[in-house]
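Visitor: Please pick out one residue, look closely at its setting, and then work outwards to the parts around it and to the rest of the chain.

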Amino acid sequence: MHEPRSRAERLRSAVLWWAGILLAVLIWHLVARSQPAYVLPGPGATWEALVDLVDRGRLADALVLTTERGATGLGVSCLVGIPLGWAMGTWAWLRELLDSWMQVLLSVPPIVVVVVGMIWLGPTAGVVVLVVALVTLPLLTTTVRDAVAGVDADLLEMARVFARGRAWTVRRVILPAVAPPVLSALTVAVGQSVRVTVMSELLSTTTGLGAMVQRARTNLDTDDVFALSVVMAALTLVLELCVLGPLRRRLARPWR
């Protein structure tokens with residue numbers, strides 16, 4: 001287990017993180033100067049487009065819809081994938097039975113799931129929830145499966161020798177080993193859910209951030225497309241910095 005970082009190390013990490021963001025914006029600005037605005041709008045034009053979207057009141061409702069759909073799909077994935085992965089990591093026969101299912105889900109492109117979902121459900125928000133759930137499910141399931149199956153056998157044997165109950169073993173041995181990789185996978189799944197939600201909305205609905213991207217593309221409002229992309233990236237970063245990051249640190253503290 002990693003030792004807690006000092007305050008100076010945390011400050012250095014934060015400074016470098018923001019420096020990386022500023023470097024990316026600077027490179028974006030320099031490259032955009034040599035391109036037409038309809039091909040690559042610069043940071044200034046993107047900011048103006050973002051302010052315009054906010055002023056017209058279109059962004060807030062779309063953002064709420066997209067967040068609700070992505071959260072619903074990811075919630076379904078967690079409710080199914082985490083218990084299923086735990087069971088697959090515990091019982092070898094179940095792992096061998098369902099491993100092929102996970103491989104199939106991992107290999108199917110999200111666009112195929114969108115098309116099939118539209119055939120089943122029509123162009124509705126249900127397609128978005130279905131796609132998010134099916135895309136993130138194998139990631140969470142296989143991560144939990146591998147983490148549970150990889151718990152140190154010596155520690156489990158020690159708990160058995162000292163007559164520790166199942167609840168104690170789960171709390172003190174299995175969860176500390178499983179939580180870090182699962183939370184890391186959840187971070188990846190959150191990013192995936194944002195991208196997949198927008199892609200699904202673009203193809204199957206007339207509302208949400210994805211539908212706004214589709215309209216902007218049709219009208220060649222490239223600055224709106226970039227502004228919406230910034231909103232999606234900011235949404236993922238806020239979830240990581242304000243929700244998932246603190247949750248990982250809080251869960252790791254008592255086990256460290």
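Guide: Thr141 counts as buried because its relative accessibility is 0%, where buried means under 20% relative accessible area, exposed means over 50% and partly exposed lies in between, with a 1.4 Å probe and protein chains only. This is a predicted model, in which local features need pLDDT of at least 70 and side-chain atom pairs count only at pLDDT 80 or more, while totals for chains, interfaces and linings use all residues. Residues are numbered from 1 along each chain as its sequence is written, and side-chain values use heavy atoms, with hydrogens and water left out.

Thr141 belongs to helix α6, which covers residues 125–149; helices (H or I, at least four residues) and strands (E, at least two) are DSSP runs numbered from the N terminus. Leaving aside residues up to four places away in sequence, Thr141 touches Gly81, Leu84, Gly85, Met88 and Met102, a contact being heavy atoms within 4.5 Å. A polar atom of the Thr141 side chain lies 2.8 Å from the backbone oxygen of Leu137, and one lies 3.5 Å from the backbone oxygen of Gly81. For such polar contacts the pair of N or O atoms must be within 3.5 Å; within protein, one atom must be able to donate a hydrogen and the other to accept it, and residues adjacent in sequence count only if both atoms are side-chain atoms.

Charged side chains come next. Arg145 forms a salt bridge with Asp99, with 2.6 Å between the closest N and O atoms, and this pair links distant parts of the chain, since Arg145 is in helix α6 and Asp99 is in helix α4 (residues 92–107), 46 residues apart. A salt bridge here is a side-chain nitrogen of Lys or Arg within 4 Å of a carboxyl oxygen of Asp or Glu. Arg145 also forms a salt bridge with Asp146, at 2.9 Å between the closest N and O atoms, and Asp99, Arg145 and Asp146 are thereby linked in a network. Arg145 counts as buried because its relative accessibility is 11%, whereas Asp99 is partly exposed at 26% and Asp146 is partly exposed at 46%.

As for the nonpolar interior, the largest core has 15 residues, and among those with the most contacts inside it are Leu53, Leu209 and Met212. The elements giving two or more residues to this core are α2 (43–55), α3 (58–90), α8 (166–204), α9 (209–218) and α10 (222–255), and α10 provides the largest share, 5 residues. A second, separate core of 9 residues includes Leu74, Leu139, Leu140 and Leu186. A core of this kind is a set of buried Ala, Val, Leu, Ile, Met, Phe, Trp, Tyr and Cys residues joined through side-chain atoms within 4.5 Å.

Ile119 offers a contrast to Thr141: Ile119 lies in helix α5 and counts as exposed because its relative accessibility is 65%. Ile119 is one of the residues of a nonpolar surface patch, which also includes Val104, Trp120 and Leu203, and helix α5 (residues 110–121) gives the most to that patch, with 6 residues. Patches are made of residues with over 30% relative accessible area and no salt bridge, nonpolar side chains (Val, Leu, Ile, Met, Phe, Trp, Tyr) being joined within 5 Å and like charges within 9 Å.

Notes:
Areas by Shrake-Rupley, 256 points an atom, 1.4 Å probe, with all protein chains shown as cover.
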